Amino acid sequence: MQVQFKPGYGLLAHNESIDGIADILKCFLREDEQLLFSFYERNIDFIHESDKDFILKRQIFTNSNWVLPWEESIPHWDGPNNTPPKLIWFYANEKQDIKKAIGIDFLFRCVTLKKGNRFEQYSNVLFQEEYYVTVDETEEYDHCIGFTEKKDDFLTKTLPILRSNISAKIDVLHS
C-alpha cells in the first residue's frame with residue numbers, strides 16, 4: 001500500500017479485497033463514530049431487492065450534499081433543471097455490513113459521523129476510486145481509498161491503527 005497526499009485529501013493505493021477494504025475503513029473510525037455510505041436515490045429501483053432492503057432499513061436521511069473534495073461535475077446532476085441528485089445515507093458499522101455496502105457500490109463514498117451529530121458535522125469523507133498508473137511508477141495498484149482527514153491527524157492517529165491492523169506494508173510518500 002502507498003499513501004500520498006493531494007491538496008485537501010489523501011489517497012491510499014491498494015490491491016485489497018472487499019474484506020481488506022472493510023478493515024481499512026474501520027481504522028478511520030473514532031470513538032462513537034459510524035460510517036454512513038451514500039447511494040443515489042434515483043438508482044434504488046434498479047438494484048437487487050435484497051440490496052434495496054439493506055439500504056432502506058439502514059437509511060438515516062436523504063440529502064443532496066456533495067462531500068467529495070472537488071467540485072461536482074454536471075453529469076452527476078439530475079435533469080431537466082440540473083438539480084443536485086438526492087443521496088440516501090445509510091449506516092454500516094459492523095464488518096459484514098461494511099462489506100455488503102462496498103459490494104453494492106464498489107466505487108463508494110462514505111463519511112464518518114459521530115453518533116447524534118448532524119450530517120454537516122461529519123469528520124472525514126472516505127471514497128474509493130480506480131487507480132491510474134503514471135509512466136514513472138514502479139508499482140501498480142487496483143484502487144485508491146481517498147480520505148479528507150487532515151494529514152497530521154492521519155499520520156498520528158490513523159496510520160498507527162492501520163499499521164497494527166493491516167498486514168500489508170504501508171509506504172507514505174512525502175511531498
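Okay, a quick definition before anything else: when I say helix or strand, I mean a DSSP run, H or I over at least four residues for helices and E over at least two for strands, numbered from the N terminus. With that in hand, Asn117 is easy to place: it sits in the loop between β6 and β7. I'll come back to it. One caveat up front, this is a predicted model.

So, the overall layout. We've got four helices and nine strands in the chain. Reading from the N terminus, the order is β-β-α-β-α-β-β-α-β-β-β-α-β. The chain has 175 residues, and 43% of them are buried. If you take contacts between residues at least 6 apart in sequence, 67% join residues at least 24 apart. For the surface people, about 9600 Å² is exposed, with 48% of that supplied by carbon and sulfur atoms.

Now the sheet. It's an open sheet of nine strands with mixed pairing, and the order across it is β4-β5-β3-β6-β7-β8-β2-β1-β9. The edges are β4, residues 59-63, and β9, residues 171-172, and each of those pairs on one side only.

Let me walk you through β2, since there's a fair bit to say about that strand. How many of its residues are buried? Six of six, so to speak a mostly covered strand. Remember that in a regular strand the side chains alternate between the two faces of the sheet. Here Tyr9, Leu11 and Ala13 point one way from β2, while Gly10, Leu12 and His14 point the other way, and all are buried.

On one side, β2 pairs with β1, antiparallel, over five bridges. Phe5 has Gly10 in β2 as its bridge partner. The hairpin joining these two strands has two residues between them, and Gly8 takes a positive phi there, near 95 degrees. β2 also runs antiparallel to β8, again with five bridges, and in that pairing Ala13 is matched with Cys144 in β8.

Further along the sheet, β3, residues 33-40, and β6, residues 109-114, are antiparallel and share five bridges. Gln34 stands opposite Leu113 in that pair.

Next, the helices on the sheet. α1, residues 18-27, lies across β2, β3, β7 and β8, and runs at about 15 degrees to β8. α2, residues 49-58, lies across β3, β4 and β5, at about 80 degrees to β5.

Okay, packing. Which residues touch the most other members of the largest nonpolar core? That's Leu25 and Phe37, out of 35 residues in the core. The elements giving two or more residues are β1, α1, β3, α2, β5, α3, β8 and α4, and α1 gives the most, with five. If you click on Phe37, leaving out residues up to four places away in sequence, you'll find contacts including Leu25, Trp89, Ile98 and Phe108. There's also a second, separate core of 17 residues, and among its members are Ala13, Tyr40, Val111 and Val125. That's the Ala13 we just met opposite Cys144.

Last stop, back to Asn117. Is this residue buried, partly exposed or exposed? Its relative accessibility is 31%, and because buried means under 20% and exposed means over 50%, Asn117 counts as partly exposed. Asn117 is also 84 residues from Glu33 in sequence, with the two C-alpha atoms 9.5 Å apart in space.

That's the tour, happy to take questions.

Methods: Residues are numbered from 1 along each chain as its sequence is written. This is a predicted model: local features need pLDDT of at least 70, side-chain atom pairs count only at pLDDT 80 or more; totals for chains, interfaces and linings use all residues. Side-chain values use heavy atoms; hydrogens and water are left out. Buried means under 20% relative accessible area, exposed over 50%, partly exposed in between (1.4 Å probe, protein chains only). Contact means heavy atoms within 4.5 Å. Accessible areas come from the Shrake-Rupley method with a 1.4 Å probe; for residues, only the protein chains shown count as cover. Two strands pair if DSSP finds at least two bridges between them. Axes are lines fitted to C-alpha atoms, for helices over the stretch in contact, and angles run from 0 to 180 degrees between N-to-C directions. A nonpolar core is a set of buried Ala, Val, Leu, Ile, Met, Phe, Trp, Tyr and Cys residues joined through side-chain atoms within 4.5 Å.
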